[in-house]
Amino acid sequence: MKISYKNLKRYREIVYILIKYGFSFIVEKLNIEGVAYRIPITNPSQEIKNMSTAEKIRRAIEELGPTYIKLGQILSTRKDLLDQDIIDELSNLRDNVEEFDTNIAKSIFKNEIGLDIDKVFNNFNNKPIAAASIGQVYEARLESGEEVIVKIQRPNIEETIKSDLEILKSMAIGLKDLNKDIDIDLIQIVEEFKTQLIRELDYNFEAINAIKFKKIFKDSNEVYIPQVYGEYTTKKVLVMEKIIGVKLSDVKKIRELGWDTKVISEIGVRSLFKQIFEHGFFHADPHPGNIFVLGKNTISYVDFGMIGIVDKKSLSLLNEVVIAVIEKNVDKLIYILIEMDAVNTEIDISGLRQDLLYLIHYYYDVPIEKINIGDIMNEVFRFFRKYKVSIPSQLSTLAKTIITLEGTGRELNPRFSVSSIGKEFMKYYYVNKFNPQRIFINSKHTAEEMLLDIKTIPKQMRVILRNIEKNNIKIQIEDVKFTSLEERITDLTTQISLSLVLASIVVGSSLIVASPNINNNIWIRITALAGFFISFIIGLLLVIRIVRSQYKKK
């Protein structure tokens, strides 16, 4: 595997960590020039040997640094790709980074905003309240008196991450042969990860997300979204209203204040489905640390770096899946999966059908209060991995969000069950489906599409007819495995040609023999005999060819 030598030092660090945790087979597979064979492959320590594979992966990722920690955190949401034990370990990944000097943070702020921190804030706490892999978070108060939090990006973090992304892509290409064994498109995963991480490097992206959520809940008394101060927000700096409340994770404090945790959990469910069904845009990381309780009937979301987007078509397909499950219609489920291009038509459809039937019947009659969405989704994703079902990443993100929501709901209300989510799901779906305004909008869109088709089809037909008239239509068929048919046609053509030549020589020689002049000229007799001799040779070759052809077929 060829490498970029500007990243040589980083390659060595990665190789060393992989070998340390017993992943030397990956190093050998990569065969990194100038690196792999200069670091001796040693046996891992006894402590590492006693670790599970999942724990080794987590520990290696933690040592590899911020980029890989982020990758692990994102992969922890992809239950459709990884086994549950690895998911559980990756879910424990936390940003474990040292704080950087606040004076450097102030310098970055001035370079971005063009003003000294003292000119913007009348109070700035020099001690960061959080130090993450991408940036640090400070508390401050604006000159106008508003309490805010200030995110400032780490120095040179963008260059470090882009370098690591380049290395990751090279490694994914180097390991592409493993795709057949693990059935994971490593290059595609790296590309998706790159897109998400590059967005997180731009605080403007998080600011825009927060502004969108502010609009979604502008008329809500149940959900409050903090304000973004755009005049002090850039790619490397984000200033946002400080939320003063109780973290959802502090259930004890919430109950001490006399707030009903059941009501709060229901607000969380309603707010999520409002995001999904009305806007197709949702907070993709609603864990207890990212939600504050502001009062007995009000919650607030924070941290808008990770969002999910789901389109109407995907929601419609998801609803059809739910209905098919309710009806225990396995054939319809398989049809929907094929429509989504989620399954390969070459898989064992019979086995898929039997396992789907078992899965549905196993959970169908379980009392609703005993059903755990996390358990169901884990089983479903295990099933997906077995049959190599590839679902869109947006639906995977949605599933992870709902699992997180259920876990959060159970912390607040031990009796929280799938029925709470199911009822709200059906309510929002049908309210939106039969909403007169939405019906009108959908009808309008359908009419516009039909009108566009009516306008474009005649134009397309004219182009096709013009190409036919000019003989410019070409039909190209690639890789349809007609090789054997082509060989049979070639054999048949050769045999027919030889037969025709044989027949013509035999007929010609016979006519010469029957000629009254045959006795008058010796060359006429020689020609006739030569014709019969050639006919014999051709006939013999034809018989041999036919026999060989029949033998090949067997």
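Contact here means heavy atoms within 4.5 Å. With that in hand, let us walk through this predicted model, starting in its interior.

**The nonpolar cores**

Isoleucine 264 is a good place to begin. Leaving aside residues up to four places away in sequence, Isoleucine 264 touches Leu248, Ile254, Trp259, Val293, Lys296, Ile299 and Leu412. Together with Phe213 and Ile254, Ile264 ranks among the residues with the most contacts inside the largest nonpolar core, which has 65 residues. Helix α9 (residues 157-174) supplies the largest share of this core, seven residues. Apart from it lies another core, of 36 residues, including Leu272, Leu317, Leu337 and Ala342.

**Helix packing around α4**

Now to helix α4, which packs with α1 and with α5.

| Helix pair | Residues | Angle | Axes apart |
|---|---|---|---|
| α4 and α5 | 53-64 and 66-75 | about 140° | 6 Å |
| α1 and α4 | 8-20 and 53-64 | about 155° | 10 Å |

Angles over 145 degrees count as roughly antiparallel, so α1 and α4 are roughly antiparallel to each other, whereas α4 and α5 are oblique.

Where α4 meets α5, Ile61, Glu62 and Leu64 of α4 touch Tyr68, Ile69 and Gly72 of α5. The residues of this contact comprise four nonpolar, one polar and one charged.

The crossing of α1 and α4 is right-handed. On the α1 side, the contact is made by Arg10, Ile14, Ile17 and Lys20, and on the α4 side by Ala60, Glu63 and Leu64. Here the division is four nonpolar, no polar and three charged. Leu64 of α4 thus appears in the contact with α5 and in the contact with α1.

Notes. Residues numbered from 1 in each chain as written. Predicted model: local features only at pLDDT ≥ 70, side-chain atom pairs only at ≥ 80, totals over all residues. Heavy atoms only, no water. Axes fitted to C-alpha atoms, helices over the stretch in contact; angles between N-to-C directions. Helix = DSSP H or I, 4+ residues; strand = E, 2+ residues; numbered from the N terminus. Parallel < 35°, antiparallel > 145°, perpendicular 65-115°, else oblique. Nonpolar A, V, L, I, M, F, W, Y, C, P; charged D, E, K, R; others polar. Core = buried A, V, L, I, M, F, W, Y, C linked by side-chain atoms within 4.5 Å. Buried < 20%, exposed > 50% of the residue type's maximum accessible area, 1.4 Å probe, protein only. Left-handed = near helix turned anticlockwise from the far one by under 90°.
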